[in-house]
Amino acid sequence: MLRKFNNFILFFLLVGCLTHLTAQNEISQPYSGFGVGIVNKSSNGILNGMAGTSIAMQNPYYINFRNPASYAAFDSLSFVADAAASIYASTLTTPTSTTTQRNGYARPDYIAIGLPVTRHWRTSVGIYEFSTIGYDMVDSRDIANVGTVSYEYIGRGGLNQLYWGNAFKLCKGLSIGLNASYMFGSVYNTRNISFDGSNFLNSYINDAYHVDGIYLTGGLQYFFKVKENHHIGIGAVYSNTAYAWVRENLLINHYTGTYSPVTTYDTVLCDNTKRGNVTIPQSIGGGLNYTYKEKFNIAADVTWQNWEKYKFMGKSDSLHNSITASLGAQYIPDPFSTKFLKRMTFRAGVKYSTGEIFIRNKPIDEFGVCLGVGIPLTTFNTHSSINILFEYGKMGTLINDLVKQDYFRFTLNFTLQEKWYQRMKVE
């Protein structure tokens, strides 16, 4: 019992360190100014090594929160904890190829726990990002009879999902599940307009939106054997259209010189009781999975989301319906071996998304290639592991004076599996 307690303490200390190291970093992504930001399409730290394929995947030793039906695979006597954080390095390129901007940032991805409730009921609780916003753009123009006018646009924030999921095993191979998520977060949009001369007052406009609402995701999975050692899995997920509440606070400052609260000439605080809604559109996805002897696995997913129905405070945006597809594979030399190297896991995958952002008649699509490795932790037990992901991706285009982003991502994931409850038998 003491060893298990120490394992839990070590797990949460590692999670705390990752969160502390990454929580203060800000992303730099110009396309995050559209919609609710850059939508997180990732899965857990293990499945991201397979390009995020998750709809038809389940395992007793990790938490697949993308399809709640997967929780049915949790062992009846085990507790599972799962957490990850990522480091990003990106390069932004303009059409002229003479201007590039390099950025680096780190962020926690998620933390989740899963455990059994009854013989046919499993549950999971966790939190992860739904979207992130982070941009800072400057533009200067010469206007007749006015002079040089500088415009600065800054965005920060994003949305998170705190979920509680439950799965039920209906019969052999068939399970259903539901995630009920509390979606919350803040979006901060700042516009700063400054004039080169002293004949005009500059303006600093800070528009803050606070969002919260309920988001539901249902899932189904069915696994069956086609012949000895060969298994097929089928999965489906559906997320409802969510109507989250929005509260707006608008602050306008008129000032001279360089902006500072001290130099403010006039301040206007608009009515901070203004309320509205944000419509997060429905999505539906399907997946296939093939497994051979629990050592080789290949899976594919396709997801569609109806972003044309998106609205924020009654207004639409430059969005269109998106399709995301991924293909991944996993190989374990010998999952039942006692030798360390034979129990290591190797993963690879590719993914493509048409993207939901549509600007100047061009979709802002995304392509990624992923490699992952899983390292078993015998310090805990045979099913705990550290998982490492390397991903290269590109987003956007240089056509029509748009911006292209190339990025590298490094993810560290830690999963812990321990006995949760075991009844002692007295002879």
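Two strands are said to pair if DSSP finds at least two bridges between them, and strands themselves (E, at least two residues) are, like helices (H or I, at least four), DSSP runs numbered from the N terminus. The structure described here is a predicted model, in which local features need pLDDT of at least 70 and side-chain atom pairs count only at pLDDT 80 or more, whereas totals for chains, interfaces and linings use all residues. Residues are numbered from 1 along each chain as its sequence is written, and side-chain values use heavy atoms, with hydrogens and water left out.

**Strand pairing and cores**

In the sense just given, E9 and E11 run antiparallel and are joined by seven bridges, with Glu248 standing opposite Lys274 in E11. E7 also pairs with E9 in the antiparallel sense, over 11 bridges, and here His210 stands opposite Arg247 in E9.

A nonpolar core is a set of buried Ala, Val, Leu, Ile, Met, Phe, Trp, Tyr and Cys residues joined through side-chain atoms within 4.5 Å, where buried means under 20% relative accessible area, exposed over 50% and partly exposed in between, with a 1.4 Å probe and protein chains only. The largest such core has 27 residues, and those with the most contacts inside it are Val36, Val278 and Ile280. The elements that give two or more residues to this core are strands E4 (121-143), E6 (174-195), E7 (202-227), E9 (242-255) and E11 (274-280). A second, separate core of 12 residues includes Ile63, Ala72, Tyr163 and Ala167. With contact taken as heavy atoms within 4.5 Å, and not counting residues up to four places away in sequence, Val36 touches Phe130, Ser131, Ile133, Leu159, Val278, Ile280, Trp307 and Tyr310.

**Loop residues**

Four loop residues are set out below.

| Residue | Loop between | Relative accessibility |
|---|---|---|
| Thr94 | E2 (78-93) and E3 (100-116) | 23%, partly exposed |
| Asp334 | E15 (322-331) and E16 (345-353) | 29%, partly exposed |
| Asn361 | E17 (358-359) and E18 (362-363) | 66%, exposed |
| Asp401 | E20 (385-396) and E21 (404-419) | 60%, exposed |

Asn361, a residue other than glycine, has a positive phi near 65°, and Asp401, which is not a glycine either, has a positive phi of about 60°. Asp401 and Thr94 are 307 residues apart in sequence, yet their C-alpha atoms are 7.3 Å apart in space. Asp334 is in contact with Lys342 and Arg343 when its neighbours within four places in sequence are left aside, and the C-alpha atoms of Asp334 and Phe296, which are 38 residues apart along the chain, are separated by 9.8 Å.

**Cavities**

On a 1 Å grid over the protein atoms alone, a cavity is a set of points where a 1.4 Å probe fits but cannot get out, and its lining residues have an atom within 4 Å of a point. Grid points are joined across faces, edges and corners, and a volume is the space filled by probe spheres set on the points. A search of the whole structure finds two cavities of 30 Å³ or more, and the second largest cavity holds about 70 Å³ of space. This second largest cavity is lined by Ile38, Val39, Lys41, Ser353, Gly355, Glu356, Ile357, Ile364, Asp365, Glu366 and Met395. Its lining divides into five nonpolar, two polar and four charged residues, with Asp, Glu, Lys and Arg counted as charged, Ala, Val, Leu, Ile, Met, Phe, Trp, Tyr, Cys and Pro as nonpolar, and the others, Gly among them, as polar.

Methods
On a 1 Å grid over the protein atoms alone, a cavity is a set of points where a 1.4 Å probe fits but cannot get out, and a pocket is an open set with protein on both sides within 12 Å along at least five of seven lines; lining residues have an atom within 4 Å of a point.
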